[in-house]
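Student: Could we go through the empty spaces in this model, the enclosed ones and then an open one?

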Amino acid sequence: MGTRVNIEKTDIFLTDLFQSLAQLENLCKQLYETTDTTTRLQAEKALVEFTNSPDCLSKCQLLLERGSSSYSQLLAATCLTKLVSRTNNPLPLEQRIDIRNYVLNYLATRPKLATFVTQALIQLYARITKLGWFDCQKDDYVFRNAITDVTRFLQDSVEYCIIGVTILSQLTNEINQADTTHPLTKHRKIASSFRDSSLFDIFTLSCNLLKQASGKNLNLNDESQHGLLMQLLKLTHNCLNFDFIGTSTDESSDDLCTVQIPTSWRSAFLDSSTLQLFFDLYHSIPPSFSPLVLSCLVQIASVRRSLFNNAERAKFLSHLVDGVKRILENPQSLSDPNNYHEFCRLLARLKSNYQLGELVKVENYPEVIRLIANFTVTSLQHWEFAPNSVHYLLSLWQRLAASVPYVKATEPHMLETYTPEVTKAYITSRLESVHIILRDGLEDPLEDTGLVQQQLDQLSTIGRCEYEKTCALLVQLFDQSAQSYQELLQRRLTWLVYIIGAVIGGRVSFASTDEQDAMDGELVCRVLQLMNLTDSRLAQAGNEKLELAMLSFFEQFRKIYIGDQVQKSSKLYRRLSEVLGLNDETMVLSVFIGKVITNLKYWGRCEPITSKTLQLLNDLSIGYPLNETLSNSVRKLVKLSAVQFMLNNHTSEHFSFLGINNQSNLTDMRCRTTFYTALGRLLMVDLGEDEDQYEQFMLPLTAAFEAVAQMFSTNSFNEQEAKRTLVGLVRDLRGIAFAFNAKTSFMMLFEWIYPSYMPILQRAIELWYHDPACTTPVLKLMAELVHNRSQRLQFDVSSPNGILLFRETSKMITMYGEVPKDQVYALKLKGISICFSMLKAALSGSYVNFGVFRLYGDDALENALQTFIKLLLSIPHSDLLDYPKLSQSYYSLLEVLTQDHMNFIASLEPHVIMYILSSISEGLTALDTMVCTGCCSCLDHIVTYLFKQLSRSTKKRTTPLNRESDCFLHIMQQHPAMIQQMLSTVLNIIIFEDCRNQWSMSRPLLGLILLNEKYFSDLRNSIVNSQPPEKQQAMHLCFENLMEGIERNLLTKNRDRFTQNLSAFRREVNDSMKNSTYGVNSNDMMS
């Protein structure tokens, strides 16, 4: 009877299980196949619940075993990947080994899986292997046998071989990529160990398989052989693209980096057959595969110079140049855009990694440089084909031209022959493109000013090589284009003005001669004559692109020929005098200012031109450094009648961009700050203590403040008009406040704004707290006013102004923080960041004695600090590091608080203290060195405070600890793990990482060790035991030396001794670990 009951129970269980599997399969179909959004969302929600369910693991295995659709297999693989990746409640080691073995068997027994299922299972294998890299079972690193794991695949059919190669490729990629869920330190330890123990073997295996594949007659009609070749090339590329020393945090810097191949790989690169393999492959396989081959060659061409001695490098370069020559002689495959792009990258690496002196010694150099020049000229002439690749070709020629002065005369580089051809091809091709763009309605390259500027920066150096030819060409083309003033020729002139500006700017890279200055004069005269013509026609019509080109030209001309460093006897000035009557720098400056005023008059509604014009004015006004010595050019500038006109008439009547335009956004007013920064600097030149002159200058702003005050005094007013007037006004004032960096002028501004107009700013925050377009400019102005730049906020001994200014700061921050909590985050991240900066500037400005507030019962300081806590708690931890401006303002404020207001920090609620400590802990591993250094400083202050309080509590004293200190000590004793975690993090960074701020890291470390001596002892033993047996004694000695002569106190002398010991400790540990592939077990305290 009992047996029958058990059988029935089993049947019921199996029936439920199969029904559950059927439901999951149905949900998978709905997720991946249905077109109905609602059904798909419901399926997605149900599958998320399944992923988080306790029986997910067992059901995933059943789905893989019994699932009838590929989608259910995909679900199982992705769910298992999430399970093995989780940081909280990780799977036991035995279970992970079982999953790894199961996946390998599953792939080996089911060759006909859907591609996406195979990919997901390989991803699962790679993730398990990476995260378990340091896991041991019976002294064996159980996840380090990748090559052994895939051997059975590589010895089977092509289909299985593809799986084996893909596993290695995915594993290499997985280990090379950091993920946000695990510490960066752990990622670097795994990557370094993988690099030292396995990567070279994988690379060698990949090259051998490629040799075998290319040795056989590949049947390129066979899709499986196609797939194998593709996967082998991907694997090789992943090996060469590995981040060998942990520096590539930014992929955009790809073309600046050197491939830091380890010394142990030397044999592979000294063997010329490695390089030859890829050049042979390029010529023997279809163009669709060639881009990957060329990508591998780009990496091989970029191996670090120090891998070879001089003779070896010359031999390697010779083979590389021969291969490039062979491609240029047979360019058929380069008609494919991807091939062309990668080949341009390869050419750029020839000069980024090798010196011109080395290139010219290569046997076939004359022929190769001719072929490269012809290829470049042809590429530039076909400007519409792969325009993004031109950057690499120009980069090559820019570097070649810049190297000319450093090559010995006995080594003919032949660049005097070919560089002018490249310059001519670029200039003429841009001019010829104008007609085709207008005719066919194509996208105009001039629209992309960033790309144009990048190319011009490169051309500036290329064009200066054989400058006589460049100048003659530009003069000829300019004179041809200037004969008529129609749209086609306007666009040609736009290109020419841009290029003339660029080549004049290129003068800085070369030792210039009088003859070249005279040539510059010829070009400048033509552009200024063109400007006079275009300005005379602005009342009828103007050309925006040509105006932007003019501004680019003026900027380059200013950098080279305006300022005290320029000799006024320059032949350029002589030529300007002969042709245009501009006899000296003052007259040239008047042309600049005339252009500025003309642009602001006619182009006030065109934001790009207005902002660039104001930037030019701003650059001209700089010359008033902190030592208060003026440059002669700025003195001359202020004397100009046009500048005096601006200082006396800065109203919307004369400058339309200062008007309130209801059509534009509030953010369009940003350029006003630049305008008033420049005017403020120019005003300061002769201002001195003349309050009447200051009052006269401020009249338009006084009128604007009075207008806003009048609006606020009535119950009903035009809100949009009030917003626009106020936002424009505070942007203007911020520009003036930024420029006034001397005490005398800043005090005039302070007395003008306080107390008369400060209530208006407070009222604006109160009214429009929900509108960042209004609050951000007001907060930025306040942050500027409280910033004690150049010690400008120095009040008299009897003046209460410092305290009054802080009261206003506190009032504004408090009012801004009084927002319903649910709205804070959505609206205010930028505003919160500015509040943090404002509070930091006020607290560290040294113009307020903050002890006064508590002494006299003033709650201004307490309110500001409590609002800081309220705003801080509205921000998720992740945002503190995700937004650079926020993280810098927060951590710099926290540094001030922990240094000067530690009693306030100690008085906070336990959950707030833990939030702050965990933010410091996360900041210690931040990529931004400033943030990391700030966190070290914060931690040092906290640890020092803790140590002092503990020391006091153990001494017999008549004065008991204050309540805040007592509570803080209690909280720290309740939660020792946080401080211990930070101790292990700091030690981990110092030992295992490229620590760029070692001194900063050393300061909190001594306090952490003294507070956690037992934990430090356990940590030390863990690190020592993780080393190979023969290195354990050396590591133990390193730790002994670290604490030698260190006393149990945090006096400066003791700290400095510890810092010195730490430097020696780090060197010794690095030397000890260099030849060790061991690391720290991921389950120990260091993870």
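Tutor: Let us begin with the second largest cavity, bearing in mind that the model is predicted. Helices α6 (115–131) and α9 (184–215) each supply at least two residues of its lining.

Student: Which of them gives the most to that lining?

Tutor: α9 gives the most to the lining of the second largest cavity, namely 3 residues.

Student: And which residues line the second largest cavity?

Tutor: The lining consists of Lys 130, Leu 131, Asp 179, His 182, Lys 186, His 187 and Ile 190. By class, 2 of these are nonpolar, 2 are polar and 3 are charged.

Student: How much space lies in it?

Tutor: The second largest cavity holds about 30 Å³.

Student: How many cavities of 30 Å³ or more are there?

Tutor: The count comes to 2 cavities of 30 Å³ or more. In the largest cavity there is about 90 Å³ of space.

Student: What is the class make-up of the lining of the largest cavity?

Tutor: That lining has 9 nonpolar residues, with no polar and no charged ones. The residues are Val 321, Leu 350, Leu 359, Tyr 365, Val 368, Ile 369, Ile 372, Leu 396 and Leu 400. Two elements, α17 (365–381) and α18 (390–403), give two or more residues each to the lining of the largest cavity.

Student: Which element gives the most there?

Tutor: α17 does, with 4 residues in the lining of the largest cavity.

Student: Changing topic to pockets: how much space lies in the second largest one?

Tutor: The second largest pocket contains about 880 Å³ of space. Its lining comprises 36 residues.

Student: Which of the 36 lie nearest its centre?

Tutor: Nearest the centre of the second largest pocket are Ser 833, Ile 834, Ser 837, Lys 885 and Ser 889. The elements that give two or more residues to this lining are α30 (671–687), α33 (719–739), α36 (772–785), α38 (821–843), α42 (884–900) and α45 (929–954). Of these, α42 gives the most, with 9 residues.

Student: Which domains does the pocket draw on?

Tutor: At least three lining residues of the second largest pocket come from each of domain 2 (731–875) and domain 3 (892–953 + 962–1073).

Student: And what about residue classes in that lining?

Tutor: The lining of the second largest pocket has 12 nonpolar, 14 polar and 10 charged residues. For contrast, the lining of the largest cavity has no polar and no charged residues.

Notes:
Residues are numbered from 1 along each chain as its sequence is written. This is a predicted model: local features need pLDDT of at least 70, side-chain atom pairs count only at pLDDT 80 or more; totals for chains, interfaces and linings use all residues. Side-chain values use heavy atoms; hydrogens and water are left out. On a 1 Å grid over the protein atoms alone, a cavity is a set of points where a 1.4 Å probe fits but cannot get out, and a pocket is an open set with protein on both sides within 12 Å along at least five of seven lines; lining residues have an atom within 4 Å of a point. Grid points are joined across faces, edges and corners, and a volume is the space filled by probe spheres set on the points. Ala, Val, Leu, Ile, Met, Phe, Trp, Tyr, Cys and Pro count as nonpolar, Asp, Glu, Lys and Arg as charged, and the others, Gly among them, as polar. Domain bounds come from an automatic or database domain assignment.
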